[in-house]
Amino acid sequence: MRAHVLAALGVLKLATADQMHRLMAPGHKDNKAFRNAALDLARHGLVVSEGSARDGNKLWNLTPLGLDAAAEVLDRPAGEMGGTARGAARSGAPHAMAVNETVIAITRTPATATRPVPRRQPASMAPPATEQEPAPGLVLEPHGMGWIGSWSTEVPLSLPTSRGSRAGVRADAVLQAPEAGLPVLFVEVDNCTESADVLAAKFEKYLRYFRLKSKNPLGSESPVWRTQYPSTGREGHPPVVVVFNPGTRTGPQALKNRMNTVMELTRLVWSGSYHGAGGYGAEERDGYYGYADAIPLLFTTLDRLQTSGPRTAVWWRCGHGQWETLPDALANPADHDAWYARDEQRRRQRDEERERQHQEWAAERGRWAQEPDPALDPEPVPPCERCKGPITGPLGYDLEFAPPEDGRHCPSCRTDLRQYPTLREALFGRRPRSK
């Protein structure tokens, strides 16, 4: 129990015994064991209570000595543990309580049934062993993501300045759960107490931080955030989720208006840039959105996470327009890969259409080869050059006395044009013409 308390406070910085109970060991009947462990650690100077939450529960936080002990339990360097949240409990820490509830709702540690250990009895008096029934009242909840060691809270994201570096933005929580498809997820918890403009301005700082580049020993540039967190495996910057916790202060319509306002104010942060890439074929017109310089911005509410769990459709991705599961919300259905898949589909359809036409043409040529050649129409006979009548002569004309055919005149014209020899030509023959 002492290790559970140190681990919980090492991550959450400030928590009640009930929150530590639900985060670390929800299978226990109540939080009495955590209260006793916290009192024992307080006697040893590792934890301290300086106030109570607004619901009246005592708040616990670590001392500097307890921070070192928590680093040992979490197996983390002491320099990565952050502060001790000293003095934060005096105001009730409403924001820290909402962050804790968000971590508990997303993690959803499985409840392990616990029983008192039965005393050993002599073998002769031991009753026969019976199958143990599950603990009464134990309800299986939807699975969560990560465990206590997957979380970090109050994480500063530094921006360089002329005087060194400063925290451009401080993430409320960071989740690293690769087994759940989340190499890194930045979480912002909004209690709806500040204006929408102030909340939207945080994401511009996130964008400036994600754009920072640093040179590696080989001389090439890489994002600064990659020196602390693994790659997301997706195009663009790491995802950021806003968990709205309106409580009783903000009604459903006011919460919806706040979400829409924040979404519009951050449009340049999460919207991709459109590229008209055309498509396969000149008549195709298609394109895609590039998300290389965009932050996947997600919205959800604390009550949705607590009721349904993080693996259901409780995430609203800006630009998608519907509640989705986390993998669907993080996907980019209109990116270059989706366009390439559509273009390949169009290419395959064109190839199939062309192959079908070739097959139809081949079948048509085969049918033509099997059919007999049609009778050729006789060529038209030119008319007589002289009378423009049929070159074969009028119907019933006696061709016996007609001159031989010359291919230019009809028999009647050939007869008219025939030159009879003179008496001299008949007696002496025709003289050859001189050249």
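Tutor: Let's fix one term before we start: a residue is buried when its relative accessible area is under 20%, exposed when that area is over 50%, and partly exposed in between. Keep in mind that we're looking at a predicted model.

Student: Okay, helix α2 then. What makes α2 "mostly covered"?

Tutor: Count its residues: α2 runs over residues 17-24, and 6 of its 8 residues are buried. Those are Ala17, Gln19, Met20, His21, Leu23 and Met24.

Student: And what covers the buried residues of α2?

Tutor: The cover includes the helices α1 (2-12), α3 (32-43) and α5 (94-107), along with the strands β1 (14-16) and β3 (58-62).

Student: β3 turns up there. How do you know whether β3 itself is mostly covered or mostly open?

Tutor: By the count again: 4 of the 5 residues of β3 are buried, so the strand is mostly covered.

Student: What makes β1 and β3 a strand pair?

Tutor: Pairing takes at least two bridges between the strands. β1 and β3 are joined by 3 bridges and run antiparallel, so they pair by that rule. Ala15, for one, has Trp60 of β3 as its bridge partner.

Student: How do you know that β2 pairs with β3?

Tutor: The cut-off is at least two bridges, and here 4 bridges join the two antiparallel strands, so β2 and β3 count as paired. Ser52 is matched with Lys58 in β3. The hairpin of β2 and β3 has 5 residues between the strands, and Gly56 takes a positive phi near 95 degrees there.

Student: On to the loops. Why is Gly45 called partly exposed?

Tutor: Gly45 has 32% relative accessibility, and that falls between the limits of 20% and 50%, so "partly exposed" is the right label. You'll find Gly45 in the loop between α3 and β2 (47-52).

Student: Which residues does Gly45 contact, leaving aside its neighbours within four places in sequence?

Tutor: Thr63 and Leu65. Leu62 is worth a look too: Gly45 and Leu62 are 17 residues apart in sequence, with 8.8 Å from C-alpha to C-alpha.

Student: Why is Thr63 called buried?

Tutor: Its relative accessible area is 12%, which is under 20%, so Thr63 counts as buried. Thr63 lies in the loop between β3 and α4 (64-74). Not counting residues up to four places away in sequence, Thr63 touches Gly45, Leu46, Val47, Val48 and Thr84.

Student: Now the charges. Why can side chains pair up at all?

Tutor: Pairing becomes possible for opposite charges when the charged atoms come close.

Student: What makes Asp40 and Arg43 a salt bridge?

Tutor: The closest N and O atoms are 3.3 Å apart; the cut-off is within 4 Å, so the pair qualifies. Both residues lie in helix α3, 3 residues apart, or about one turn. Asp40 and Arg43 also belong to a salt-bridge network that links them with Arg2.

Student: How do you know whether Asp40 and Arg43 are buried or exposed?

Tutor: Check each value. Asp40, at 17%, is under 20% and so is buried. Arg43, at 63%, is over 50% and so is exposed.

Student: Why is Lys202 with Glu194 called a salt bridge?

Tutor: Their closest N and O atoms are 3.6 Å apart, which is within 4 Å, so the rule is met. Both ends are partly exposed, with Lys202 at 22% and Glu194 at 28%.

Student: And what makes Arg356 and Glu353 a salt bridge?

Tutor: A distance of 2.3 Å between the closest N and O atoms, again within 4 Å, so they count. They sit 3 residues apart in helix α11 (residues 336-370), about one helical turn. Arg356 is partly exposed at 37%, and Glu353 is partly exposed at 33%.

Student: How many salt bridges does the rule give?

Tutor: The count comes to 13.

Student: Last topic, empty space. How many cavities of 30 Å³ or more are there?

Tutor: There is 1. The largest cavity has a volume of about 50 Å³.

Student: What lines the largest cavity?

Tutor: Thr232, Arg234, Glu235, His237, Pro239, Pro296, Leu330 and Asn332. By class, that lining has 3 nonpolar, 3 polar and 2 charged residues.

Note on methods: Residues numbered from 1 in each chain as written. Predicted model: local features only at pLDDT ≥ 70, side-chain atom pairs only at ≥ 80, totals over all residues. Heavy atoms only, no water. Buried < 20%, exposed > 50% of the residue type's maximum accessible area, 1.4 Å probe, protein only. Contact = heavy atoms within 4.5 Å. Salt bridge = Lys/Arg side-chain N within 4 Å of Asp/Glu carboxyl O. 1 Å grid on protein atoms, 1.4 Å probe; cavity = no way out; pocket = protein on both sides within 12 Å on 5 of 7 lines; lining within 4 Å. Points joined across faces, edges and corners; volume = space filled by probe spheres on them. Nonpolar A, V, L, I, M, F, W, Y, C, P; charged D, E, K, R; others polar.
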